[in-house]
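Open the model in your viewer and keep the selection tool ready. This tour tells you what to pick next and what you will find there.

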There are 2 protein chains.
Amino acid sequence: MFDSTMAQRDLPDAAALSRVPLFTGIDERALRPVLQAAQSVTRPASERFFQQGDAASFFYVLTHGRVKMTQVTPEGHQVVLRLIGPGDAFGGVAAFGDPIYPATAEAIEQATALSWDGQTMHRLLESDPRLAVNALRVVASRLHDLQNRYRELTTERVERRVARTILRLARESGRKVDAGVQIDFPISREDLAEMTGTTIYTVSRLVSAWEERGLVESGRQRIVIRNPHGLVRIAEDL
Amino acid sequence: MFDSTMAQRDLPDAAALSRVPLFTGIDERALRPVLQAAQSVTRPASERFFQQGDAASFFYVLTHGRVKMTQVTPEGHQVVLRLIGPGDAFGGVAAFGDPIYPATAEAIEQATALSWDGQTMHRLLESDPRLAVNALRVVASRLHDLQNRYRELTTERVERRVARTILRLARESGRKVDAGVQIDFPISREDLAEMTGTTIYTVSRLVSAWEERGLVESGRQRIVIRNPHGLVRIAEDL
DNA sequence: CGACCTCATTGCGCCACCGCAACGACCCTT
DNA sequence: AAGGGTCGTTGCGGTGGCGCAATGAGGTCG
């Protein structure tokens, strides 16, 4: 969505912004004032844009890096709701009057985002129906996504869920290396466990078994897929 | 949201419609043409408004009865995504250009809904920003809801999930009877299992155990809560 | 009113997955 | 180079929940 040079500049240009799903179909003239209202924010790895329970004041669109959205239960269990890449919006609740963020947004590597004051974004939404319809589409697709993961969680075994998740990450942010396809950001066993509804022990055992079979190669916060087809066979059970 | 007399009439009036979340804050004058464009549809129990995979042509707002949205996996497993009551919208994908319905909408008791042609609704959304923002809010709140259930599914035991679900149903559509609070529509063990990510066997065993302890009273597609506080203690683990 | 269908119950065996505990590998800091 | 912190691995025992199979309990329809 955004190329890496973008993070160097203070703000991306309107042409780049129009490639973000939220802003597609909106002409560059109309986007300029939106850009004017934006501020660029950068967070180093493992720091947060906002935290579950904080007052929801800003709305973000990621331009660079990677962010994970998590939720914690009262008992302290954590789940990863989704991973956010360049071009994705997050903190949307600030734009339509929710008082607090329902989840935490943490950079998993250095990340930069455009931010808007919630009220500003709300005004923009109400003044441009195309923007509102785009936002609707974005949220709806996120709902679809979550519905599918919800269904997987109730109907499928752990092994398949983990395989699916790794393949999805590789599809979204795989980088070709000589050994195969590597997931292009640090991802721990704990992250995978919290994304698939299982424990670090089970993830570790699964990945080890796959490694023995030559399907993957892995290390500290690093996973390389050596045999995608083999993993797909596990994920889809052919 | 709608009283029962409403189903008798062909269409509810604009005043009633303005109490639907999707239409709140929109003045009755503006609602009249929306109503004009609507058609009322009734389905008997266990029949469908639409089916997963069908071409997404209509958008609905339920006025009477109860509907469940389900998804089936390629292997034939079924999950219940949500239950729909009067005032709730469903089939929203038809309004923004998705080609097919991702889920099935089945009446669990006789149900009546207002329906709009998807393109008509799309035009309405683009012409009235308040409507689009309302729709955004509705979808966002559904996303929150699903995120919470997703989190519960990964972090909580079956017993607690089932207790929670029964309490939620009672809160949303409980009817006072002399024995306690009864869920006001037919609900089978299978429905509960598909709503909580478990099996009919486990649900049956749990409900039987609760019945022995005097917490609930149940029969064929019928559940009465005798001791809400006792169930809450299971759901919240005090 | 009897036949049939759907829905619910429960005994029983099983196993996928959990989670502690101990250890090992890797990275960063000074 | 040493030491501490984070992350990953794996043996082991325990169990929550699954799912078959058989039976029972209601509803419905002719």
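**Stop 1: a loop in chain B**

Select B:Gln221, which is found in the loop between β9 (216-219) and β10 (222-225) of chain B. Helices (H or I, at least four residues) and strands (E, at least two) are DSSP runs, numbered from the N terminus. Phi of B:Gln221 is near 55°, a positive value in a residue other than glycine. Most residues other than glycine have a negative phi. Is B:Gln221 buried or partly exposed? B:Gln221 counts as partly exposed because it has 14 C-beta neighbours inside 10 Å. The cut-offs are these: buried needs 20 or more other C-beta atoms within 10 Å, exposed means 12 or fewer, and partly exposed lies in between, with C-beta atoms placed from the backbone.

Before you move on, note that this is a predicted model, in which local features need pLDDT of at least 70, side-chain atom pairs count only at pLDDT 80 or more, and totals for chains, interfaces and linings use all residues. Residues are numbered from 1 along each chain as its sequence is written, while chains are lettered from A and ligands numbered from 1 in the order in which they are written.

**Stop 2: another positive phi**

Now pick B:Ser46. This residue lies in the loop between β1 (39-43) and β2 (48-50) of chain B. B:Ser46 is not a glycine, yet its phi is positive, about 75°. B:Ser46 counts as exposed, because it has 11 C-beta neighbours inside 10 Å.

**Stop 3: where the chains meet**

Show chains A and B together. How many residues of chain B are in contact with chain A? There are 32 of them, and they touch 32 residues of chain A. Contact here means that two C-beta atoms, placed from the backbone, lie within 7 Å. Colour β4 (78-84), α3 (118-127) and α4 (129-155) of chain B: these are the elements that give two or more residues to this side. The largest share, 19 residues, comes from α4(B). By class, the side of chain B that touches chain A has 17 nonpolar, 10 polar and 5 charged residues. For these classes, Ala, Val, Leu, Ile, Met, Phe, Trp, Tyr, Cys and Pro count as nonpolar, Asp, Glu, Lys and Arg as charged, and the others, Gly among them, as polar.

Next, superpose the chains. Chain B can be laid on chain A with an RMSD of 0.0 Å, by a turn of 180° and a shift of 0.0 Å along the axis. The two copies are thus related as by a two-fold rotation axis. The fit is by least squares on the C-alpha atoms of residues with pLDDT of at least 70 in both. The copies meet through the same surface, because 100% of the interface residues of chain B are also interface residues in chain A.

**Stop 4: the core**

Select A:Tyr60, A:Leu136, B:Tyr60 and B:Leu136. Of the 135 residues in the largest nonpolar core, these touch the most other members. Such a core is a set of buried Ala, Val, Leu, Ile, Met, Phe, Trp, Tyr and Cys residues joined through C-beta atoms within 7 Å. Stay on B:Leu136. Leaving aside neighbours within four places in sequence, B:Leu136 is in contact with A:Phe96, A:Ala132, A:Ala135, A:Leu136 and A:Val139.

Then click B:Val93, in the loop between β5 (89-90) and β6 (104-117) of chain B. B:Val93 counts as buried, because it has 21 C-beta neighbours inside 10 Å. Among its contacts beyond four places in sequence is A:Ala140.

**Stop 5: the DNA**

Show DNA strand D. Which residues are closest to this strand? They are A:Ser188, A:Ser204, A:Ser208, B:Arg157 and B:Thr202, out of 21 that surround strand D. A residue is near a strand if its C-beta atom, placed from the backbone, lies within 6 Å of it. The largest share of this surface, 6 residues, comes from α7(A). The surface near strand D divides into 5 nonpolar, 9 polar and 7 charged residues.

Switch to DNA strand C. Of the 21 residues around strand C, A:Arg157, A:Thr202, B:Ser188, B:Ser204 and B:Ser208 come nearest. Here α7(B) gives the most, with 6 residues.

**Last stop: confidence**

Colour chain A by pLDDT, the predictor's confidence in each residue, from 0 to 100. The mean for chain A is 92, and 95% of its residues reach 70 or more. Finish at residues 3-9 of chain A, where pLDDT stays under 50.
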